[in-house]
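Me: I'm new to reading structures, and I'd love some help with this one. Could you walk me through it slowly, in plain words?

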Amino acid sequence: MSARDSILAKLHGGPPVKRRDPPLRPAVHGDPVRLFVSRLQAAAASCEHLARLGQVPDAVSAYRCAHQLGGPVAVAPALAGLAWSGVGPTIGSCDENVDLGVSLAQAGVAETGSLVMLSGPDTPTRLNFLPDHHLVVVHTASILRHLEDALLLLDASLPRALNLITGPSRTADVEQTIQLGAHGPRALHVLLIK
Amino acid sequence: MGKGSPRDFKRQAGVALKDPALRIALGRARSGFVEKRTQARRQLPEFDRLCAAATRVRDHSIDHLDTLLVRFEQEVLAAGGQVHWAATAAEARQIISGICSDAGARVVAKGKSMVGEEIALNPALEADGLTVVETDLGEYIVQLAKERPSHIIAPAVHKTREQVAALFARRHEGPRRDLSGIPELVDEARRVLRRAFLSADVGITGANLLIADTGTSVLVTNEGNGDLCATLPDTHVVIAGIDKVVANATDAATVLRVLARSATGQPITAYTSFFSGPKRAEDLDGPKHFHVVLLDNGRADIRQGRYRDMLRCIRCGACLNHCPVYTAVGGHAYGAVYPGPMGAVLTPLQWGLRESRDLPNACTLNGRCADVCPVHIPLPALLRQLREDIHDAKVEGRMQRWLLGRWVRLALQPDRYRRVTAQVAGLLRRLAGARGRVSRLLPIPGWGRGRDMPAPAGKTFFQQYRTPSKSSGDRS
Ligand code: SF4
């Protein structure tokens, strides 16, 4: 008997029954966008409101100035249509030399302040984890209330990876003291588009 | 330290209590865990109800493991991944070793995985000639120090920053540099481990949950190391216990809500990722090959017996952080992969009662672990049950068996029992003196080094019971 069959033989459980209790979700009071922003900030991310998507390249330039970043920039193909001439990024995925990545979130989750990043040809995953600085564009209209709402995207499109990102990388592995920038981005900056 | 055996718990605990650096490290970490969880709970009015919901989700999973695992397998295959079943640790090692050799791998980057520890994966891969690099900072520290994790979510919690600095200075190349602060330590590890990520041929991660409906493996981290393991190398291998599966995304959300809060006090960790198969044809990045290894290693047997509730465990670590024994002796004293209350239940079930008979007895039955367990595992009851099983299996120590026999005989003779207990109480009161605390028991050397005990009340219960009270109010 294969390992599979011998394990399954022991696990006999009968047909799944329908559970009666409705799934429980914590209350989300007030404006979901405001909650989203305050949760993200509590997780050590910074946020900036922009009126139009077209303002993103200027915001990226300003961010690079403010943080004195002169290195290469990579932008997700989903944002390729913007006027990037002032920044001169590569469009696509990235390698370890890029110090700023710009990507587009599919949605946000108010309950936790999480960005919902889907892998795909227009939204490569490396941008989320390799660069020191991660800038993420998210439309306020896409902010959802609960985790469950975001996870519906799994059923809908089943990307290779769905990453919920809530703040920059961190570790507390030395003496339970929180230190940002363990392996992923040291800084997460969110551009909210009306 | 850190490579002991559960058989030696008593000796290892004694050594731990005398280790000054361990006392400092555990002291610096302990309050953090407890406070962060308390705060997270206070900030979410529904917390207790959410725990009850998570408990129901996990119960449902354990009841229907067979259907859920088969569904999970179907979905992974449909997404282009592969699923492997391992009945034992040895089978799991063999499977992963085979995947690495098929990939022509030389370097393996690992995300933290307790199942990886359980099956002792690293030594097996190293024996194949592979370079295996742990990439979670805590796990990397214990790998460098040739130890094992002492906590299921904070592997290096037993080390002070000074010890980590000395370790890095010794093991990393480079000129003399400042390693005095935590930021410098984290930066140095980041620099060293980046190279490992970029050169790795295979990335191996654990999974906090598996979602049956979509064939998804869920990974919860704060560092982002697991995501780099799952994104950069050409092959991604997930190893998970068969107990980890839940039915659907809604169930996963229910568990995630209480997992991070119970573990680190965060509403959600920095990264919670959902992996379903290899890179799609049009994707610009991601692994070409995706494997999930499902490990039984005793879980199916636990499910059939009286310890079934233990399978609900979501490995949050809250029971460790709130356990007076764990926080006094640290994780290495347990001499097993899983320490603390959850480990004191799992270790005897996985490794045998005789080998681990001291672990269930190293519990004060104070019940704090069960109070903080987000999936309501009755840990003290399971530990009591194990004590009975150990007694029935006649595998406890001879001294313990003899003492227990004496005590039973004494307790069956009420007059003698009263006389003896009154004498012992009087003796203890004299030992305690004015402070009212007993911190030395003459025949047991070292007893008071890590604890003391209040002196007994003025009279035994029976003596008080016999004395007529002045008024009924006195007895309140
Ligand atoms: S037994 Fe409960 S508290 Fe302990 S690790 Fe498991 S889920 Fe967490």
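Which residues surround the ligand? After that, please take a close look at strand 6 of chain B: is it buried or exposed?

Reply: Sure! One thing to keep in mind is that this is a predicted model.

Let's begin with the ligand. The residues around it belong to chain B, and one run of them is B:Cys313, B:Ile314, B:Arg315, B:Cys316 and B:Gly317, with B:Cys319 and B:Met342 also there. The rest of the shell is B:Cys373, B:Pro374, B:Val375, B:Ile377 and B:Leu379. Sort that shell by class and you get ten nonpolar residues, one polar and one charged.

Now for your strand. Strand 6 of chain B covers residues 216-221. It is buried: six of its six residues are, so the strand is largely enclosed by the rest of the structure. To picture how that works, it helps to know that side chains in a regular strand alternate between the two faces of the sheet. Here, B:Thr216, B:Val218 and B:Val220 are on one side, while B:Ser217, B:Leu219 and B:Thr221 are on the other, and both faces are covered.

What does this strand pair with? One partner is strand 5 of chain B, antiparallel to it over three bridges. Look for B:Leu210, whose bridge partner in strand 6 is B:Ser217. These two strands make a hairpin with four residues between them, and B:Gly215 in the turn has a positive phi of about 65°. The other partner to find is strand 9 of chain B (residues 271-275), which pairs with strand 6 in the antiparallel sense over five bridges. Along that pairing, B:Val218 stands opposite B:Phe274, and B:Leu219 has B:Ser273 as its bridge partner.

Zoom out and you'll see that these strands belong to a sheet built from both chains. It is an open sheet of eight strands with mixed pairing, in the order 8(A)-5(A)-6(A)-9(A)-9(B)-6(B)-5(B)-8(B). Its edges are strand 8 of chain A (143-144) and strand 8 of chain B (245-246), each pairing on one side only. Helix 5 of chain A (residues 147-157) lies across several of these strands, among them strand 6 of chain B, and runs at about 165° to strand 9 of chain A.

Chain B also has another sheet to look at. This one is open too, with six strands in the order 1-10-7-4-2-3 and parallel pairing. Strand 1 (82-86) and strand 3 (131-134) are its edges, and the twist averages 20° from one strand to the next. Inside it, strand 2 (residues 107-110) and strand 4 (residues 202-205) pair in the parallel sense over three bridges, with B:Val108 bridged to B:Val202.

For a last stop in chain B, try a pair of helices. The axes of helix 8 (residues 137-144) and helix 9 (residues 161-171) come within 10 Å and cross at roughly 60°, in a left-handed crossing. From helix 8, B:Leu137, B:Tyr140, B:Ile141 and B:Leu144 meet B:Val164, B:Leu167, B:Phe168 and B:Arg171 of helix 9. By class, that contact has seven nonpolar residues, no polar ones and one charged.

Key:
Residues are numbered from 1 along each chain as its sequence is written. Chains are lettered from A and ligands numbered from 1 in the order in which they are written. This is a predicted model: local features need pLDDT of at least 70, side-chain atom pairs count only at pLDDT 80 or more; totals for chains, interfaces and linings use all residues. Side-chain values use heavy atoms; hydrogens and water are left out. A residue is near a molecule or strand if one of its heavy atoms lies within 4 Å of it. Ala, Val, Leu, Ile, Met, Phe, Trp, Tyr, Cys and Pro count as nonpolar, Asp, Glu, Lys and Arg as charged, and the others, Gly among them, as polar. Two strands pair if DSSP finds at least two bridges between them. Contact means heavy atoms within 4.5 Å. Axes are lines fitted to C-alpha atoms, for helices over the stretch in contact, and angles run from 0 to 180 degrees between N-to-C directions. A crossing is left-handed if the near helix is turned anticlockwise from the far one by less than a right angle, and right-handed if clockwise. Buried means under 20% relative accessible area, exposed over 50%, partly exposed in between (1.4 Å probe, protein chains only).
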